[in-house]
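Good morning, colleagues. I should like to take you through one structure, moving from the overall fold to its ligand and then to some individual residues. Please keep the display before you as I speak.

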Amino acid sequence: MRILVTGGTGYIGSHTVLTLLEAGHDVVVVDNLSNSSEEALRRVGELAGREAAFVRADITDEAALDAAFAEHAPEAVIHFAGLKAVGESVTIPLDYYFNNVAGTIALLRTMERHAVRTIVFSSSATVYGEHNPTPYVEKMEIGAMNPYGRTKEQIEDILTDLGASDPAWRIALLRYFNPVGAHPSGRIGEDPQGIPNNLVPFIAQVAVGRREKLMVFGGDYDTPDGTCLRDYIHVMDLAEGHAAALHYLQGHDGVHRWNLGSGHGTSVLQMHAAFEKAVGSPIPYEIAPRRAGDLPAFWADPSAALADLGWSTTRTVEAMCEDHWRWQKNNPMGYALSLEAGEEPQARPSMSPHPAPYRIDVTAGDPPSLEQALNRAVEAAIAQALMEGTRGVLVTRRSPCTYTVELSRIVPFGTTLERDESVQGR
Ligand SMILES: NC(=O)c1ccc[n+]([C@@H]2O[C@H](COP(=O)([O-])OP(=O)(O)OC[C@H]3O[C@@H](n4cnc5c(N)ncnc54)[C@H](O)[C@@H]3O)[C@@H](O)[C@H]2O)c1
């Protein structure tokens, strides 16, 4: 089958593309690279032994989508593309509604023009809101609590109306719980920009020395160890859930909703302990006050996915942590920097008396990609600096396309090089 995957260079998308290629499907990825790297797709091709086609385009751009559909003639779509940070969605709601909701409408209009009426959509457990008892069941009333969640809810409504308007549509709404882990090769994984929003990428960055300690928000909830319980799902289980949903849609029209989760809760401290075991050394953490809007505990009732799709999770929390750690330690700065095969990173940096300047030359196309390339290159140099144990760096711009990163000229190196700092000297 020919499948168009929006957001296919992202975290869940890249793992799903790999699963699809391995199952013999042809894949074309449409992504604007706003939160991902084309390197992910190159590595997916390496792992699968064959490539997915790539179209760099924004899903809000119907002309670009038309061209991609005309060239690649997909028979179905898996739609991951979207902005996904809850906190950010509160600050810039219009960007979220435009990107996620208007982007989906543009995609659906394009699908209709090209008579492609099979779609699997990335929804989220966040649509269940705060009023439902756990475990969540698909038939419950939904009611998201923030703009990000409401974009998912609105897209679910749009897809439901579309399905009701024409029986030719075949629609799967997949409500993911908390995806973690990485492909067991350690070649692809989650590469969050800036400060991670999710627990496991945060723990992993502490373990690799990019951050000082894990902040555990709330240690006094009414849960067995006082910390929040979530339903974690290995990203490869999630990827396989998409293949199963797509397979189901081959034989069924209409609109279908499935929870993709494990069916049980794991606490923050349990996850932290499992990650420490995977790393083999202690990972510092601190209990901080509760965070507004966090629910104490929720998990999925995944029985509908089992009954309809024959799908359930098979990978344990231990496997999630081992795989996530393999990815993180081999790629301390995500796709910006990788260690050679067999090279062992230090789990935590130590001080070294040998600072040396690193010079980065970056030449890249148009301004957004140039800026992205610069950010990644500067981050790579910082990672190098960390490996060597330096505590401070100064980033200066030498020419329009060249940055120099000098070590041990002390610019406070909190935990990450944020966008504004990385373009310092402009
Ligand atoms: N990761 C989670 O915890 C989680 C949980 C529930 C649901 N989801 C949903 O799953 C989907 C994938 O999540 P992910 O974790 O892989 O995120 P991600 O950010 O890694 O991937 C999303 C991809 O979409 C691309 N993209 C964003 N807007 C685009 C646009 N307008 N045009 C083209 N490409 C665009 C990004 O560049 C990125 O590659 C998202 O829709 C997200 O809301 C994620």
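**Overall picture**

Of the 426 residues in the protein, 46% are buried. I should say at once that what you see is a predicted model. The protein contains 13 helices and 16 strands. As for its contacts, if we take those between residues at least 6 apart in sequence, 77% of them join residues at least 24 apart.

**The ligand**

Let me turn to the ligand. Which residues come nearest to the ligand? Of the 29 residues around it, they are Gly7, Gly10, Ser36, Gly82 and Ser122. In terms of character, the shell around the ligand is made up of 17 polar residues, nine nonpolar ones and three charged ones.

Several elements contribute to this shell. Two helices, H1 (11-22) and H5 (93-113), and two strands, E5 (118-124) and E7 (178-180), each provide at least two of its residues. The most comes from H1, which gives three residues.

**Two helices in contact**

I now move to a pair of helices further along the chain. Helix H7, residues 199-207, packs with helix H9, residues 268-279, at an angle of about 40°, and their axes are 11 Å apart. How should we describe the arrangement of H7 and H9? An angle from 35 to 65 degrees falls between roughly parallel and roughly perpendicular, and H7 and H9 are therefore oblique to each other. The crossing in which H7 passes H9 is right-handed.

The residues that meet are as follows. From H7 come Leu199, Val200, Ile203 and Ala207, and from H9 come Val268, Met271, His272, Phe275 and Val279. This contact of H7 with H9 comprises eight nonpolar residues and one polar residue, with no charged ones.

**A residue in a loop: Asp191**

Between E7, which we met at the ligand, and H7, which we have just discussed, there is a loop that holds Asp191. Is Asp191 buried or exposed? The cut-off for a buried residue is 20 or more other C-beta atoms within 10 Å. Asp191 has 25 C-beta neighbours inside 10 Å, and therefore counts as buried.

What is Asp191 in contact with, once its neighbours within four places in sequence are left aside? Its contacts are then Ser37, Gly334 and Tyr335. Asp191 and Ser37 are 154 residues apart along the chain, yet their C-alpha atoms are separated by 8.8 Å.

**Backbone details**

Finally, three points of backbone geometry, each in a loop. The peptide bond that runs from Thr134 to Pro135 is cis, and its omega is near 5°. Pro135 belongs to the loop between E5 and helix H6 (147-165).

The other two points concern phi. Ala73 is not a glycine, but its phi is positive, at about 40°. Its position is in the loop between helix H3 (62-72) and strand E4 (76-79). Ala73 is partly exposed, because 13 other C-beta atoms lie within 10 Å.

Ala115 also is a residue other than glycine with a positive phi, here near 55°. Ala115 is found in the loop between H5 and E5, two elements that each supply at least two residues of the ligand shell. With 9 other C-beta atoms within 10 Å, Ala115 is exposed.

That concludes my presentation, and I thank you for your attention.

Note on methods
Residues numbered from 1 in each chain as written. Predicted model: local features only at pLDDT ≥ 70, side-chain atom pairs only at ≥ 80, totals over all residues. Near = placed C-beta within 6 Å. Helix = DSSP H or I, 4+ residues; strand = E, 2+ residues; numbered from the N terminus. Nonpolar A, V, L, I, M, F, W, Y, C, P; charged D, E, K, R; others polar. Axes fitted to C-alpha atoms, helices over the stretch in contact; angles between N-to-C directions. Parallel < 35°, antiparallel > 145°, perpendicular 65-115°, else oblique. Left-handed = near helix turned anticlockwise from the far one by under 90°. Contact = placed C-beta atoms within 7 Å. Buried ≥ 20, exposed ≤ 12 C-beta atoms within 10 Å, placed from the backbone.
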